[in-house]
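User: I am new to this structure and would like a guided look at it. Could you take my questions one at a time?

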Amino acid sequence: MNHLPSPFTRHAACGLRRWLRAGALGVALAAAAAQATPAATQGDVDSPAPLGSAAWQQGIEAWLDALAHAQLRGSEAGDSNAMLLRPRIIVGRLDSRLQLAPCARVEPFLPPGTRLWGPTRIGLRCAQGPVAWSVFLPVQVQVWGPAWVLKRPVPAGETLTAAHVEATQVDWTAYRDGVLVRPEDWLGRQATRSLAAGQVLRPSVVRAPQVLEAGQTVRLRLHGPGFELTATGEAMAAGRVGETVRVRLPNRRVLLGTVVDAQTVAIAL
């Protein structure tokens, strides 16, 4: 979710039109959006809501909600999961010490590089008034989506089964390492530490079970451009599926490979 898609999506434009018809505030979008949907960004409002009022805040929320939906759909990281996510916008307040000159029309805008994810800020600038001014407004963008939580405490090293968890919805922005959505990402894996009931399953709290022991003889699958060979070797350390381990060949040469299962290590040449 590294960028806002351009041009502005139809969903975003419709959301803004609804806002303008409601008379909340005459708002222009960022430059790319203005070029894409001029009718939606040039609406005239006879009685704009006062800056900071409930109606004004609802308008900002509607604008950001549309942008957040557009951003989620355009995300490379979200792929199919993006359709399952629901943004929720919480608009903060301007610093009470600010003394802003009167303004007939305030434009919200996204500062360059703004990511609508978690705590962030948007810009506000006076587009029609005796004095030009620009300020920043804090906002919180929650993004709610599917997750799994534990129904009971789990000790470190215990293998997770379907009986351990239940499906729920959580704010994805609250978890830096993401959340596990697919059952195959946690089913049959072990808790990395003692976990409390209600804990959200994330990549950092589960790991694949150990399948290799140090000194174990393993089958090597050596592959490269246009060929694949098999051999045997000795695992030099314990390993889990997906981990990298060192393997000693019969000629004493040591290679790095990826654990495939309890008997196999894949090595790219």
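User: Which residues touch the most other members in the largest nonpolar core?

Analyst: A nonpolar core is a set of buried Ala, Val, Leu, Ile, Met, Phe, Trp, Tyr and Cys residues joined through side-chain atoms within 4.5 Å. Buried means under 20% relative accessible area, exposed over 50%, and partly exposed in between, with a 1.4 Å probe and protein chains only. Of the 31 residues in this core, those touching the most other members are Ile60, Leu64, Leu110, Leu116, Ile122, Leu124 and Trp172.

User: Which elements give two or more residues to this core?

Analyst: Elements here are DSSP runs numbered from the N terminus: helices (H or I, at least four residues) and strands (E, at least two). Those giving two or more residues are helix 4, strand 1 (86–91), strand 3 (118–128) and strand 4 (134–150).

User: How far can I trust the model, and where is confidence lowest?

Analyst: This is a predicted model, where local features need pLDDT of at least 70, side-chain atom pairs count only at pLDDT 80 or more, and totals for chains, interfaces and linings use all residues. Residues are numbered from 1 along each chain as its sequence is written, and side-chain values use heavy atoms, leaving out hydrogens and water. The pLDDT, the predictor's confidence in each residue from 0 to 100, averages 80 over the protein, and 79% of the residues score at least 70. Confidence is highest in strand 5 (residues 165–171), at 97, and lowest, at a mean of 27, in helix 3 (residues 38–41).

User: What does helix 4 reach from its first C-alpha to its last?

Analyst: Helix 4 covers residues 54–73, 20 residues in total. The expected span is 1.5 Å times one less than the number of residues, which gives 28 Å here. Close to that expectation, helix 4 reaches 29 Å.

User: Which residues does the disulfide join?

Analyst: A disulfide is a pair of cysteine sulfur atoms within 2.5 Å, and a search of the whole structure finds one. The S to S distance is 2.2 Å, and the pair is Cys103 and Cys126.

User: Why does this pair tie together parts that are apart in sequence?

Analyst: Cys103 lies in the loop between strand 1 and strand 2 (105–109), while Cys126 lies in strand 3. The pair therefore ties together parts separated in sequence by 23 residues.

User: Is Cys126 buried or exposed?

Analyst: Its partner Cys103 counts as partly exposed, at 25% relative accessibility. Cys126 has a relative accessible area of 11%, so Cys126 is buried.
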